[in-house]
Amino acid sequence: MDKVFLLSDVDEFYDQLEKIFKGNQTDVQGRWVVSNPCFEIWLYYCYLDNPEKVLGCLKTEPITTRSKKMKALGNTLVSGGLNPCLAFENMLNGIEHCIAYYAEDDNRITVLYATQMHEMVQYL
């Protein structure tokens, strides 16, 4: 069976995700993949580790602008930026780092610096 993955950032979508996750999550063909603050955290993990130190500035950033800030940091963290095409060469690192920093809050939504991308990548 194929599986459908729906990707979402947390930033301004927290309230909508909370409502979605309160519903039934037993559908084995569909899976939400949530990244906090955004998809670029997955790319970060493909290249780097230690988000508390390197991305600490995101904690003080307003939730609604964390994604924008994270995207802007890409070029300062890795020469050439967090290139998604090159990240595939580092998927095993990305999976390992995602799992190491993975956590959810009481509403089953990823906390800051966490992403569920490792689940999708492992499935693929």
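**Helix packing, cysteines and unusual backbone sites**

Arg108 is partly exposed in this predicted model, with a relative accessible area of 37%. Its place is in the loop between helix 7 and strand 3, the strand spanning residues 114–115. The backbone at this site is worth a look: although Arg108 is not a glycine, its phi is positive, at about 65 degrees. Asn50 is another non-glycine residue with a positive phi, here of about 70 degrees. This asparagine belongs to the loop between helix 2 and helix 3, and it counts as partly exposed because its relative accessibility is 33%.

A further backbone feature involves a proline. The peptide bond leading from Asn36 to Pro37 is cis, and its omega is near 15 degrees. Pro37 sits in the loop between strand 2 (30–36) and helix 2.

Helix 2 is a convenient place from which to explore the packing. This helix covers residues 40–47, and it packs with helix 7 (residues 91–100) at an angle of about 110 degrees, the two axes being 7 Å apart. Since angles from 65 to 115 degrees count as roughly perpendicular, helix 2 is therefore roughly perpendicular to helix 7. The crossing of this pair is right-handed. On the side of helix 2, Trp42, Tyr45 and Cys46 make the contact, while helix 7 contributes Met91, Asn93, Gly94, Ile95, His97 and Cys98. Sorted by class, the contact of helix 2 with helix 7 has six nonpolar residues and three polar ones, with no charged residues.

Helix 2 also meets helix 5, which is made up of residues 66–77; their axes come within 10 Å and cross at roughly 20 degrees. An angle under 35 degrees counts as roughly parallel, so helix 2 and helix 5 are roughly parallel to each other. The crossing of helix 2 and helix 5 is left-handed. Here Glu40, Ile41 and Tyr44 from helix 2 meet Met70, Lys71 and Leu77 from helix 5. By class, the contact of helix 2 with helix 5 has four nonpolar and two charged residues, with no polar ones.

Just beyond these contacts comes a loop residue to follow in the structure. Leu48 lies in the loop between helix 2 and helix 3, the latter spanning 51–54. With neighbours within four places in sequence left aside, Leu48 is in contact with Leu77, Val78 and His97. Two of these names have appeared above: Leu77 in the contact of helix 5 with helix 2, and His97 in that of helix 7 with helix 2. Leu48 counts as partly exposed because its relative accessibility is 26%. From Leu48 to Gln122 there are 74 residues in sequence and 19 Å in space, C-alpha to C-alpha.

The cysteines complete the picture. A disulfide is a covalent bond between the sulfur atoms of two cysteines. A search of the whole structure finds zero disulfides. Cys38 is in none, as the nearest cysteine sulfur, belonging to Cys57, is 12 Å away. Cys38 counts as buried because its relative accessibility is 0%. For Cys98, the closest cysteine sulfur is that of Cys46, at 6.8 Å, which is too far for a bond, given that a disulfide needs the two sulfur atoms within 2.5 Å. Cys98 likewise counts as buried, because its relative accessibility is 1%. Cys46 and Cys98 both take part in the contact of helix 2 with helix 7.

Technical notes: Residues are numbered from 1 along each chain as its sequence is written. This is a predicted model: local features need pLDDT of at least 70, side-chain atom pairs count only at pLDDT 80 or more; totals for chains, interfaces and linings use all residues. Side-chain values use heavy atoms; hydrogens and water are left out. Buried means under 20% relative accessible area, exposed over 50%, partly exposed in between (1.4 Å probe, protein chains only). Axes are lines fitted to C-alpha atoms, for helices over the stretch in contact, and angles run from 0 to 180 degrees between N-to-C directions. Helices (H or I, at least four residues) and strands (E, at least two) are DSSP runs, numbered from the N terminus. Angles under 35 degrees count as roughly parallel, over 145 as roughly antiparallel, 65 to 115 as roughly perpendicular and the rest as oblique. A crossing is left-handed if the near helix is turned anticlockwise from the far one by less than a right angle, and right-handed if clockwise. Contact means heavy atoms within 4.5 Å. Ala, Val, Leu, Ile, Met, Phe, Trp, Tyr, Cys and Pro count as nonpolar, Asp, Glu, Lys and Arg as charged, and the others, Gly among them, as polar.
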